[in-house]
Amino acid sequence: VSSFDEASCLSRYQSYLYRRASLHKPSKYLISKLRNYEHVHRSCGPSTKSYNKIMRKGAKFSINETSRECKYLVWTSANGLGNRMITLVAAFLYAILTDRVLLVRYGADMIGLFCEPFPDSSWLLPKNSPCWEDLKHFETHESLLMNNKVNNSQDELLPPFLALNLTHIHVGHTNLFHCDRSQDLLQKIPVLILWSNQYFVPSLFMISLFRQDLSKMFPDKDTVFHHLGRYLFHPSNEAWKLIQKSYEAHLAKANERIGLQIRVFNIHHPPHQTIFNEIIACTLQNKLLPELDMLNSSATSPLKKQTSKAVLVVSLYSEYGEKLKTMYQENTTVTGDVIRVYQPSHEEHQNSNDDMHNIKAWTEIYLLSLCNALVTSPRSTFGYVAHSLGGLKPWILQGVYGKTIPDPPCQRAKYMEPCFQYPPEYDCRANKTIDFPSIFNHIKHCDDVSSGLRLVNDYH
């Protein structure tokens, strides 16, 4: 019987007070796979006999020593919090599909973010593990594939530890990972050390070995992150206290909560005014926020009930929240709605390796996921996490170039899944480049990254 200590993770038991029940129910098969994974994690996790046998020996461990009952996937952090969270979900799904135990190699900047997700066992990689060493100490997946010894099927020549680099700048791995031959090889390796900043879940749906399992787990394919993210990511007590405080003070009393997530990629010449104008155009055109009454008439129908809307602004820059607040404080609205604007922080620059910065970021991601509607920035993994956790299809702002507001300023996302921004282009069997949406009904190009791939439901 699994158990959690309620006092050590209040959010696990209190989130229902703040978050609407999901419209998307997990399949019975997914639930059974999660229960089975929890059993494997308890049996093979840190401090177990198998863990001590394999993980503490490191490179000295021989692949012939293992009974292969326990295999491991070690996740290592890369880039900002949004990237880390999307890759953690992808890594967890890969661990489930391959009967591996997921262990996370956190730096100090992530220790205080999440509760332990699995009952009666930790997912934290102990610091005495050889996987804390530099990745260069281990042979890479790509070099092994290119080595002729693999073709001999001599398992004793395979390394016990293998580095798997699925970052966007490492084209070799990302182009080979989804190949059946790669997966046949990787299945034989006891310990994979994963380094990624990409949501590589669509790659898993390309692999014939996993396809049937994935279809049973996710009949609605655009719910992968929604279900697994809600399963994995429970705010730590420190983060939960900040979330509760912000929500109760600024969001709880509103009839409707609108989230604006603004990521500016051009940090040297940020086009703040143009982006602000674009946000206003987007929210007004889609009736997320009301028009201003420029005639200063506050007369509204006496029969119409006044609505209050809370606008949560999440940005590194303070001017977005300040301008929006001033705009609605100094003018009445044509609908009579009361608009209150709240911006929790404005760090001015991203500092992914700072623990307090990451706690603030996680707090704001979670608050965005509690909103009724979201407007997000294109290409932002921060926004992907927020809308996927919330089960929302956001309005995605168009990229801004110069001082011209795009027309339309934003477009409604059709699906919930994060975008795999740098997917493979290589067809393993045909040995040529391919456009994967042409052969998979459940994979489409992303709304915000034309070359990216996103999971969609088959019936769309």
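## Salt bridge, helix packing and pockets

Aspartate 109 and arginine 84 form a salt bridge, with their closest N and O atoms 3.0 Å apart. Aspartate 109 sits in the loop between β2 (100-105) and α5 (141-146), while arginine 84 belongs to helix α4, so the pair ties together parts that are 25 residues apart in sequence. In total, the structure holds seven salt bridges. Please keep in mind as you read on that this is a predicted model.

### Two helix pairs

Let us stay with α4 for a moment, since arginine 84 has a second role to show. The axes of α4 and α14 come within 10 Å and cross at roughly 65°. Angles of 65 to 115 degrees count as roughly perpendicular, and that makes α4 roughly perpendicular to α14. On the α4 side the contact is made by Leu81, Arg84 and Met85, and on the α14 side by Asn358, Ala361, Trp362 and Ile365. Sorted by class, this contact has five nonpolar residues, one polar and one charged. Arg84 therefore appears both in the salt bridge with aspartate 109 and in the contact of α4 with α14.

A second pair worth a look is α10 and α15, which pack at an angle of about 90° with their axes 8 Å apart. These two helices are therefore roughly perpendicular to each other. From α10, the contact takes in Phe225, His226, Gly229 and Arg230; from α15, Val385, Ser388, Leu389 and Gly390. By class, the contact of α10 with α15 has three nonpolar, four polar and one charged residues.

### Two pockets

How are the linings of the largest and second largest pockets made up by class? The table sets them out next to the volumes.

| Pocket | Volume | Lining | Classes in the lining |
|---|---|---|---|
| Largest pocket | about 1,100 Å³ | 49 residues | 17 nonpolar, 24 polar, eight charged residues |
| Second largest pocket | about 640 Å³ | 26 residues | twelve nonpolar, seven polar, seven charged residues |

If you want to find the largest pocket in the viewer, Arg263, Val264, Phe265, Pro378 and Ser380 are the lining residues that lie nearest its centre. Several elements supply at least two residues each to this lining: the helices α4 (81-97), α12 (272-285), α14 (355-369) and α15 (381-390), along with the strands β5 (256-262), β6 (308-315) and β9 (395-397). The largest share, five residues, comes from α14. Both partners of the α4 and α14 pair are thus among the contributors to the lining of the largest pocket.

For the second largest pocket, look to Ser15, His227, Arg230, Tyr231 and His234, which lie nearest its centre. Here α1 (10-14), α2 (28-44) and α10 (224-232) each supply at least two lining residues. Which helix gives the largest share of this lining? That is α2, with five residues. Arg230 also turns up in the contact between α10 and α15, and α15 in turn supplies residues to the lining of the largest pocket.

### Backbone details

Two spots in the backbone deserve a friendly note. Most residues other than glycine have a negative phi, and most peptide bonds are trans. Aspartate 120, however, has a positive phi, near 65°. This residue is placed in the loop between β2 and α5, the loop that also holds aspartate 109.

The other spot is the peptide bond between aspartate 407 and proline 408, which is cis, with omega about 0°. Proline 408 lies in the loop between β9 and β10 (410-412), and β9 is one of the strands that help to line the largest pocket.

Methods: Residues are numbered from 1 along each chain as its sequence is written. This is a predicted model: local features need pLDDT of at least 70, side-chain atom pairs count only at pLDDT 80 or more; totals for chains, interfaces and linings use all residues. Side-chain values use heavy atoms; hydrogens and water are left out. On a 1 Å grid over the protein atoms alone, a cavity is a set of points where a 1.4 Å probe fits but cannot get out, and a pocket is an open set with protein on both sides within 12 Å along at least five of seven lines; lining residues have an atom within 4 Å of a point. Grid points are joined across faces, edges and corners, and a volume is the space filled by probe spheres set on the points. Helices (H or I, at least four residues) and strands (E, at least two) are DSSP runs, numbered from the N terminus. Ala, Val, Leu, Ile, Met, Phe, Trp, Tyr, Cys and Pro count as nonpolar, Asp, Glu, Lys and Arg as charged, and the others, Gly among them, as polar. Axes are lines fitted to C-alpha atoms, for helices over the stretch in contact, and angles run from 0 to 180 degrees between N-to-C directions. Angles under 35 degrees count as roughly parallel, over 145 as roughly antiparallel, 65 to 115 as roughly perpendicular and the rest as oblique. Contact means heavy atoms within 4.5 Å. A salt bridge is a side-chain nitrogen of Lys or Arg within 4 Å of a carboxyl oxygen of Asp or Glu.
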